[in-house]
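Please open the model in your viewer and keep the selection panel within reach. We will go from stop to stop, and at each one you will hear what to select and what is there.

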Amino acid sequence: MTLSVALGPDTQESTQTGTASSTDVLTAPDIPWNLVIWNDPVNLMSYVSYVFRSYFGYSEAKANKLMLEVHKKGRSIVAHGSKEQVEQHAVAMHGYGLWATVEKASGGPGSGSGGTGSGRGKGKRG
Amino acid sequence: MAKAFKYGLKGITGYLEPSERDLLRSLFDDVISMLEPEERANQDPLAALVGLDAEAREPSDRALKRLLPNVMKDDDEASLEFRRYTERSLRENKIGALRAAALGLDKDELVLAPADARHWSTALNDVRLVLAERLDIRDDADAEHVHRMQDWSQAEDVEGYLALVYNFTTWLQESLVQAMLASLEA
């Protein structure tokens, strides 16, 4: 992965990357995987929220909701998609210094963690 | 005394004293040297070129492990496999951001374009992750304990000094991220 993909050449473009790949997620036929962000005592809440907004293109409200879920519950599923897609997101998150892992979506209770969407962003494209 | 970053007509601007610049430069350099992949004599140059590292291992150093974490929580084997394909470029990207931030310290005026701000925010974040491991910050209570150390005259030992450095970089990153969030609204 290049620097431009991992860190985003600019906000606009990384937003599009996040949005584009998550659009694909919706039609992907394979078993979904989750991208999980884990709480740690170091990362700033503002920074985590900023990363969710600029990388995934999430709204301020959605980014803050996910950030608070990480902070309070210890973890949050912030995106899902194919294994390759969430792995790519995980590397990008590691680039930002967030503690991210991928896991197979269980489909059971708790896996959706209320409102964590499939990565639909603000729809800045076109 | 440093001034908080702020977002305005010129973009994101800040101010750091020469001694603060020297401190940040050495912190960025320290993390760069931690992240630099070791050169191996028998390494396949083509594999290295495309970012493969068949010899990649989960780091034994906790701070380095935090910078380069496993991608799966309960599957060390799959994590290692993934690491072999991705860790080298992750290291290089982090080093790139740290170098860019260090270079920015050489300029008289601290005016950050959007790309500079991103490099600075990730560089400061990586520095803080390393300092936090050295300070043994494991939970929010540890973080709060370290956060209470604000008086430079209290820095009597290495840990006290590290705590103050950690708090300075925390303050600096927070002000930068607030400026970056303000720029998103603009």
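Is Arg138(B) buried, partly exposed or exposed? Select Arg138(B) and show the surface: this residue is partly exposed, with a relative accessible area of 38%. The classes work like this: buried means under 20% relative accessible area, exposed over 50%, and partly exposed in between (1.4 Å probe, protein chains only).

Some notes before we move on. This is a predicted model, in which local features need pLDDT of at least 70 and side-chain atom pairs count only at pLDDT 80 or more, while totals for chains, interfaces and linings use all residues. Residues are numbered from 1 along each chain as its sequence is written, chains are lettered from A and ligands numbered from 1 in the order in which they are written, and side-chain values use heavy atoms, with hydrogens and water left out.

**Stop 1: around Arg138(B)**

Keep Arg138(B) selected and add Glu133(B) and Asp136(B). Arg138(B) forms a salt bridge with Glu133(B) (3.1 Å, N to O) and another with Asp136(B) (3.0 Å, N to O). A salt bridge here is a side-chain nitrogen of Lys or Arg within 4 Å of a carboxyl oxygen of Asp or Glu. Glu133(B) is buried, at a relative accessible area of 16%, whereas Asp136(B) is partly exposed at 43%.

Now add Arg62(B), which is partly exposed with a relative accessible area of 48%. Between Asp136(B) and Arg62(B) there is a salt bridge whose closest N and O atoms are 3.0 Å apart. Asp136(B) sits in the loop between H5 and H6 of chain B and Arg62(B) in helix H3, so this pair ties together parts that are 74 residues apart in sequence. With Arg62(B), Glu133(B), Asp136(B) and Arg138(B) all shown, you have a network linked by salt bridges. Over all chains, the whole structure has 19 salt bridges.

**Stop 2: chain B as a whole**

Select chain B and switch to cartoon view. You should find seven helices and three strands, in the order β-β-α-α-α-α-β-α-α-α along the sequence. Helices (H or I, at least four residues) and strands (E, at least two) are DSSP runs, numbered from the N terminus. Of the 186 residues in chain B, 48% are buried.

**Stop 3: where chain B meets chain A**

Show both chains and select the residues in contact, meaning heavy atoms within 4.5 Å. How many residues of chain B are in contact with chain A? The selection holds 38 residues of chain B, against 35 residues of chain A. On the chain B side, H3 (62-67), H4 (76-104), H5 (114-134), H6 (140-147) and H7 (158-185) each supply at least two residues. H7(B) gives the most, with 10 residues. By class, this side has 16 nonpolar, 11 polar and 11 charged residues; Ala, Val, Leu, Ile, Met, Phe, Trp, Tyr, Cys and Pro count as nonpolar, Asp, Glu, Lys and Arg as charged, and the others, Gly among them, as polar.

The two chains bury about 3,100 Å² between them, 61% of it from carbon and sulfur atoms. Buried area is the accessible area (1.4 Å probe) that two parts lose on being put together, summed over both. Pick out Lys73(B), Asn93(B) and Arg118(B): in chain B they lose the most area to chain A, together 19% of what that side buries.

To finish, select Arg66(B) and Asp40(A). They form a salt bridge, with the closest N and O atoms 2.8 Å apart. Across this interface there are two salt bridges.
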